[in-house]
Amino acid sequence: MADFLFYLFAALTVGSALMVALNRNAVNAAMSLFLTFFGMAGMFVLLEAYFLAILQVLVYAGAVVVLFAFIVMLLDLDNQQRKPVGKLTYAAGGAAFALMVTGVLWLFCQEQLTSPALPAEASGSVLKTYGRQLFTTYLLPMQVAGFLLLIAMIGVIVISKKTTAAQESADAE
Amino acid sequence: MTISLNAFLLVAGLLFAIGFFGVLLRRNTLVLYMCLELMLNATTLALVAFSRFNGTADGNTFVFFIITVAAAEVAVGLAIIVQLYRLRRTVQVDELTALRD
């Protein structure tokens, strides 16, 4: 059952990730991104990282994708005409994709890279582990992360303020 | 579960490659940003898989911090994109050539 679920979530994640990269409509890309994050949350559940699965759904699928969709609709990008993507860009993108995939596949075809056995008990599944680690071993990073969020909040307010006269006239147009 | 670590890493590698492909291919700054998020998520999947198969919880704690930083990054990045649109009336990267010309 778990194996089938893994294939299901892997197909969902990779398929909708492809939709994000290839879809012409930005709103559809945002919705595909939602599906991708959902599939990843499913794989986190399979890896018994339940807390991270919930965080993935709340933070990524909830906040980040909604923010993306909000900005896409705010800017109303569909009214702009698009230039077709050049052949060279397609070739470069395709070549980079093919090189990365063959690199990963080649690594796994090597005999020495065998997968370790799955430990019976997942240490990351208990919420208590996170609390203990965050407030003992990773106390300083935890403080820095909180400070970073504060800085980001202030930064967003500062950035989105209208500061120059040129901006005000551009907005008035 | 009989799925090996390699299968999870393969999915992570594929996700990273797709994100990179999208960054190279797309012109819309917002979609570029979504593809960057995909690449970031690929690394978190690899970290969680490594952590599970290694029997430690440190990778999961790392992912916790990655999610925190990504949330801050998205907020600041989107604010910059909105400001860019206010100034230039476009978010297509091939029209934003002020530094190139």
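This briefing covers the helices, salt bridges, capping contacts and surface patch of a structure with chains A and B.

The model is predicted: local features need pLDDT of at least 70, side-chain atom pairs count only at pLDDT 80 or more, and totals for chains, interfaces and linings use all residues. Residues are numbered from 1 along each chain as its sequence is written, chains are lettered from A in the order in which they are written, and side-chain values use heavy atoms, with hydrogens and water left out. Chain A has seven helices and zero strands. Two salt bridges occur over all chains, and one of them crosses between chains.

**Chain A overall**
- The elements of chain A run α-α-α-α-α-α-α from the N terminus on. Helices (H or I, at least four residues) and strands (E, at least two) are DSSP runs, numbered from the N terminus.
- Chain A has 173 residues, and 32% of them count as buried. Buried means under 20% relative accessible area, exposed means over 50%, and partly exposed lies in between (1.4 Å probe, protein chains only).
- Domain 1 of chain A covers 1–77, and domain 2 covers 125–161. These bounds come from an automatic or database domain assignment.
- The C-alpha centres of the two domains lie 23 Å apart.

**Helix α2 of chain A**
- Helix α2(A) takes in residues 26–46, 21 residues in total. Its end C-alpha atoms are 30 Å apart, in agreement with the 30 Å expected at 1.5 Å a residue. The expected span is 1.5 Å times one less than the number of residues.
- At the start of α2(A), a side-chain oxygen of Asn25(A) comes within 3.1 Å of the backbone nitrogen of Val27(A). A polar contact is a pair of N or O atoms within 3.5 Å; within protein, one must be able to donate a hydrogen and the other to accept it, and residues adjacent in sequence count only if both atoms are side-chain atoms.
- Glu48(A), just after α2(A), has a positive phi of about 60 degrees.

**Helix α2 of chain B**
- Helix α2(B) runs over residues 29–54 and has 26 residues. It reaches 38 Å from its first C-alpha to its last, close to the expected 38 Å.
- This helix is largely enclosed by the rest of the structure, because 20 of its 26 residues are buried.
- Asn28(B) caps the N-terminal end of α2(B), with a side-chain oxygen 3.1 Å from the backbone nitrogen of Leu30(B).
- Gly55(B), just after α2(B), takes a positive phi of about 80 degrees.

**Salt bridges**
- A salt bridge is a side-chain nitrogen of Lys or Arg within 4 Å of a carboxyl oxygen of Asp or Glu.
- Glu48(A) and Arg52(B) form one at 3.1 Å, N to O. This pair links the loop between α2 and α3 of chain A to helix α2 of chain B.
- Glu48(A) is partly exposed at 24% relative accessibility, whereas Arg52(B) is buried at 5%.
- Asp94(B) and Arg27(B) form a salt bridge at 2.5 Å, N to O. Asp94(B) lies in the segment after α3 and Arg27(B) in the loop between α1 and α2 of chain B, so the pair ties together parts 67 residues apart in sequence.

**Surface patch on chain A**
- Phe147(A), Leu150(A), Ile151(A), Met153(A), Ile154(A), Ile157(A) and Val158(A) form a nonpolar surface patch with about 700 Å² of accessible area together. Patches are made of residues with over 30% relative accessible area and no salt bridge: like charges are joined within 9 Å, nonpolar side chains (Val, Leu, Ile, Met, Phe, Trp, Tyr) within 5 Å. Accessible areas come from the Shrake-Rupley method with a 1.4 Å probe; for residues, only the protein chains shown count as cover.
- Phe147(A) sits in helix α6 (residues 139–160) and is exposed at 53% relative accessible area.
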